[in-house]
Every structure is written in C-alpha cells, then in structure tokens.
Amino acid sequence: MNKPWFAVRKELSSRRRTFLAVMSFVFPLLVWSLVSYVPFIWHPQVEVIEAGEVDYFRAGMLVDRTVFEQERETLRAEGRELPTGTRTNPVYLPAPHEVATALYTAFSTEPQRRNEKWLHESLANSIQVIFWGFFLSSLIGVPLGILAGTYVAVSRLTEPFVEFFRYLPAPAFGALAVAILGIHDAPKIAIIFIGTFFQQVLVVANTTRKLDPSLLEAAMTLGARNAGLLFKVVIPGIASDLYRDMRILLGWAWTYLIVAEMIGASSGITWFITQQARYKNFDNVFAAILIIGIIGLTTDLILAWLGRRLFPWQRAARA
Amino acid sequence: MIHLELPSYRDQSPEVADRFRRLKERPVILEVKGLTKTFDTAQGSVTALKDINFCTHQREFVCVIGPSGCGKSTLVRTLAGLEDYSSGEVLLDGKPVRGPGPDRGMVFQGYTLFPWRTVKKNVMLGLELAGRSRTAAEEEALQWIDLVGLTKFANSYPHQLSGGMKQRVAIARALANQPRILLMDEPFGALDAQTRAKMQGYLLEIWKNIDITVVFITHDLDEAIYLADRILVLKAHPGEVQELIEVPVPQPRNPSQLLSPEFLATKRRLEELIHPPGAETEEGVNGDRLNMVRMVPVNAKVESVF
Ligand SMILES: Nc1ncnc2c1ncn2[C@@H]1O[C@H](COP(=O)(O)OP(=O)(O)OP(=O)(O)O)[C@@H](O)[C@H]1O
Ligand SMILES: [Mg+2]
C-alpha cells in the first residue's frame, strides 16, 4: 500500500516517522561532511606544508588562497623555490571526525590553567544553575500563573506589572545581581529566574484561561466551588498543557544560560566554550555545543515520554 | 400538511385528566416567578427572557420548546444558577436559588465530561465534593454507571466513548448527586436519530425508576411530546411563555404512540405555535432568506434537477 508522503495532517507510519527523524540529522551532517571533505566546495584557505622562499610562511600556517596564489606567482616569476600546501577550511569549521574525536578528548583533556575546570565539571555546574533557576521560578510562577488565570482579581493585580517586567532584558540585571548576590552561582541562578519567571506567569495564566469554561460550569453544577474547583478541575484540567509549557520554558531557560555564565565568576559550559574559542580549539567548541544540544534533546525526549505516561487520556484525544 | 381529523389537543381521556389532577397535587419543586433576564451587550441590552412564570411538581417531566434564540438555554442556565437574573424569582423547594449547586443537576448539549477522568471518576466527582469517602463514592458511582448501562466502560476515558455513551455518563454524573431537579439543555441534540430515540427510551426508564423532576430543553417537537408531562412553549424576542401544554398522550409512553391521534393533535398545536402561518413571509421581508441566482453553467449536462 503506497500512502502519499505529503497528506495534510495525516499521520505517517512509524517506520516512515523514524526514517524522517533520522534523515533530519543525516542531512545537516551530510552537508557538513561535504563542505569538510570535498575540497572544491569551499576550502577558502591553504595550509602551508613547505614555506618555500616566502619569508613569512611557516609550515602548518593557514593563509587565504588568494594570498597563497599571489605569493606563488611572484616567486615563480622570480624563479625561486615555491611554497606547497593543501586546501583547507578555516580553523573555525572543523571536520566531523575532528569534532567526534573532540567529543571524547574534551572530557579527557586537563584544563590549561589551574583555575579552569574540566568539561564535565563545567557541565555539571551549568545544569545545576539551570535547575535551580528554573525550579525556583516554577515554584512561584506556576501557582501565580494558575491563580491569575483563574481569578480576574489576581490577574489584574499581577499581570500588568509582569507584562512590563517581561520587556526588561534579563542580562541588564547582571551587574545588579552580582552586587547583591555575590559572584558565584547565586547571581547566575537569579538571571535564569528573571529570564524565565515573567514569561512563565503569563504563559501559565494563558494556558489556565484556555480551559474549556463549560467544564467549570459542569463542575459547579456538581457542587464544586473555590478550592474544590481549583484543585479538582482547573489544575487537573490544565496539567497536560502546563506540562507542555514547562518543556518549552525549560528550553528558554537554557538560552539565558549564556548570559548567566558570563557574569560574576565566569563558569559553566558556555564559559568553557568561550575559553576554547580563545585557544582556537574549535573542535572542542563544536563538541561542547553538541553536548548542550544532546542534553537538551534527551531531556525533552524523556519529558515527552514521561508526559505520555502521566496523561494517558491525552494520547488518543489528540489523534 | 395533510389535513387529518384530529381531536383537540386539550381533550384528555379520563385517565390522563386524573393523572394531571394528581400531578398538580404533588409538592411544587421548582417555581419561577416573573423571571426576566437581559444581557448587556455592546449593541445595547437584549431581553432574553421576559416575565416567565411556571412551576414544576415532584417527579414531573417538563419540556421547554421554542424557536432558536428564544432563550431556552438562558432559561435553563438561570435555573442552574449559571446566569444571574435581572428580576423575578427562582424558588427550589420554596427557597430562592443563588448560584449553581448540587441540588440542581445539569446535562449540557456539548459533552462536558472531564477528559482526564475515567467514566467512574467523572461520576465520582460530585460525591467527592460532597465529602463522601473514596470507597463509598466509588461504590455509589458504580451503581449509577450500572443504571445507565455502562458498567463495562467504567474505566474508559471519555474520548473512548460514543456521543450517546458520553451523554449517559453525563446523566449518571448529574444523578449521582441525587439532585432535586435534573436540568437538560438539548442533551441529545448532537446525536443521530436512532441513538436519540434510544436515549429517550433510557431517559424515560431512568425517570420512572428514581425520584427526579426533569426540565428538558429541546427544539424537536416529537421529542418534547414523547417525553413530557407538560410542555412549556416559548416565543422569541423577547422570550416569553406562549403556552403551557398538558400532553394528552397517556403514560407510560412507548414509541407506538408517535402516530396516535392525541400525539398528532399536540404536534399540530406546537407547529401552529412555533411556526405560525404568517411568520414565513415576515421573515422573508426581514431578508432572512437565501439569495439565490442560477449558477449552473449554460452548457451543463443536467439543466434542471427536476
Ligand atoms: N452571553 C450573552 N450575551 C448576550 N446575549 C446573549 C447571551 N447569551 C444569549 N444571548 C441572547 O439571548 C437570546 C437567547 O439565547 P439562548 O441561547 O438562550 O437561545 P436558545 O433558545 O437556547 O437558542 P438555541 O435553540 O439556538 O439554542 C438570544 O437572542 C441571544 O442572542
Ligand atoms: Mg440553546
């Protein structure tokens, strides 16, 4: 049976879904490999093998192709010894195999200076900062959002201010956070908190408001009011949407990590990336970026899987 | 309509007349006095209900019927306490109604089951809220589920049920609270004809077996006559009581009565009330008519459908 691949809003078979999911990674990898291994696609530079009689060339040096060709032309005209080299990509675009090796070596290489951290230490630190920032934000933001979505009075009392604060860029509070909370993890957690909290209140309030009002009415005719309505209808009614919101918000929290880790005593995975870029270890940079992606994707997959277990009534309802 | 020799819808056989006499001796459950409800909208205020008066007696089945937009839903929502009213009184057992409560069960036209709760848990909600222990609530809920014949589906989620089954759960859920009165707003409106007929049968069966007074909204004339002791006919703009008809069809009801002279006489009367002969042209003048031009291609193979 040959079902069409492109049918509007029709599910594909699970084999096709898996195939496409794999392809979504294979395509970018393929492009990257082509650019890295096939010389005539890009390779704008030349790695010098023998300097010849060009006085400023050194073996292993990267020069622009045009410069290299020019030098060769001049030397050829003068009949002197020519430099040799191979075409390469710039140092900031390492090939897949280099990054793959770096994925391993980045963990096993000792930090260059004593006060710097190993990659796994940096990672652990980052995850901790994210966790606490997101946890504290949710601890206040979720209940507040639910109340604002349920009671107009709470909504009017909080949302105008939250709406205003939401537009203030979280990074702007960096210096302030350091002044108040010191230079270690506390100000970083504060930045994640500020970046997440205000969005969270609004998103949760909106999700709460989207609960079908006829369900509330039905519950009221069954005798539910106030606390009963909140705990037996509103919260379970929005739980699955809330869960989805939290997954998205957690993604946002990661984006504030970059800012958070630059303030105070720099630390964490993004600091690791900056340091490695400074040393021109771009393979390590790519490896670290990949690790962030892998962590993010795995958490999300685990959360999605958990969501299906937590809300079994949702599965068929959506299909 | 073919003109049949029919009795007047007011003619009642001695048994039916006697039943109505006894019915009216029963205690009054719900009393509506001078109920008026206006909505304030951006376009000005709309009078949805104007000076509605009626009362229902214990274990009576009242249907409310009327053209679309005449305020049937508004009426039943007001009785449930979901809308507040502008003036007048709604009394349940002589006490004024304030806000929604478990003493008035409601079944909505849309399926309002809680999708995250199983059938059993849906029925249990009212009992939980009333402070019943978990086991007691569960036991009671299962009895009500059994009453509507859904024992096999007690642990299913609403999305796994058909429309008719969902409404049966909604009925069980409302009844589990043992309300004084069951309010139903076109509960079978979204069902197909066969399911609807079956549901009407179930509902009458349930009504026969438990002490419940029913106010049932519908726009289906047959449904109203088949189910009701009395039919409250509303007219639109503003919603007012046009007539309170005592249905002369003997109880208990069965589908064979759908063609009995009493049934047809009542139906003719309802049609007169709801679609009065002059109304058609009146609406036409108001522009509520299809504005058709022929849109068949000149070279169409089939020129006319007749
Ligand atoms: N929330 C509201 N705000 C303003 N006007 C309303 C509101 N609800 C109902 N109305 C108006 O009140 C009138 C009665 O509406 P209602 O829904 O009770 O009619 P209905 O008899 O149930 O109609 P239907 O048979 O189509 O369900 C209508 O004219 C409608 O426009
Ligand atoms: Mg209605």
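**Chain contacts, domains and the ligand shell in a predicted model**

In this predicted model, 24 residues of chain B are in contact with 20 residues of chain A. The area buried between chain B and chain A comes to about 2000 Å², and carbon and sulfur atoms give 71% of that area. On the side of chain B, the residues that lose the most area to chain A are B:Trp116, B:Leu129 and B:His159, which together make up 33% of what that side buries.

Each of the two chains is divided into domains. Chain A consists of domain 1, covering residues 1–42, domain 2, covering residues 45–88, and domain 3, covering residues 106–318. Taken over C-alpha atoms, the centres of domain 2 of chain A and domain 3 of chain A are separated by 52 Å. Chain B, for its part, is divided into domain 1, made of the segments 1–99 and 181–275, and domain 2, made of residues 104–178. The residues B:Trp116, B:Leu129 and B:His159, named above for the area that they lose to chain A, thus have numbers that fall within the bounds of domain 2 of chain B, 104–178.

Within chain B, the centres of domain 1 and domain 2, again taken over C-alpha atoms, are 25 Å apart. Contact between these two domains of chain B involves 27 residues of domain 1 and 17 residues of domain 2. Between them the two domains of chain B bury about 1700 Å², and 71% of this area lies on carbon and sulfur atoms. Of the area that domain 1 of chain B buries against domain 2 of chain B, 24% is supplied by B:Leu182, B:Met199 and B:Ile206, more than by any other three residues.

Ligand 1 is surrounded by residues of chain B, namely B:Phe39, B:Thr41, B:Ala48, B:Ser68, B:Gly69, B:Cys70, B:Gly71, B:Lys72, B:Ser73, B:Thr74 and B:Glu186. By class, this shell around ligand 1 holds three nonpolar, six polar and two charged residues. Polar contacts with oxygen atoms of ligand 1 are made from both backbone and side chains: a backbone N or O atom of B:Gly69 lies 2.8 Å from an oxygen atom of ligand 1, an N or O atom in the side chain of B:Lys72 is 2.7 Å from an oxygen atom of the ligand, and a polar side-chain atom of B:Ser73 likewise lies 2.7 Å from a ligand oxygen atom. Of the 640 Å² of accessible area that ligand 1 has on its own, the protein covers 62%. Two elements of chain B, strand S1 (28–41) and helix H2 (72–80), give two or more residues to the shell around ligand 1, and helix H2 of chain B gives the most, with three residues.

Some local features of the backbone may be noted as well. In chain B, the peptide bond from B:His237 to B:Pro238 is cis, with omega near -5°, and B:Pro238 has its place in the loop between strand S9 (230–235) and strand S10 (240–246). The peptide bond from B:Gln251 to B:Pro252 is also cis, with omega near -10°, and B:Pro252 is found in the loop between strand S10 and helix H8 (261–274) of chain B. In chain A, the residue A:Asn226 has a phi near 40°, which is a positive value in a residue other than glycine, and A:Asn226 lies in helix H9, residues 226–262, of that chain.

How values were computed. Residues numbered from 1 in each chain as written. Chains lettered and ligands numbered in written order. Predicted model: local features only at pLDDT ≥ 70, side-chain atom pairs only at ≥ 80, totals over all residues. Heavy atoms only, no water. Near = heavy atom within 4 Å. Polar contact = N/O pair within 3.5 Å; in protein donor to acceptor, adjacent residues only side chain to side chain. Areas by Shrake-Rupley, 256 points an atom, 1.4 Å probe, with all protein chains shown as cover. Helix = DSSP H or I, 4+ residues; strand = E, 2+ residues; numbered from the N terminus. Nonpolar A, V, L, I, M, F, W, Y, C, P; charged D, E, K, R; others polar. Domains from an automatic or database assignment. Contact = heavy atoms within 4.5 Å. Buried area = accessible area lost by both parts, 1.4 Å probe.
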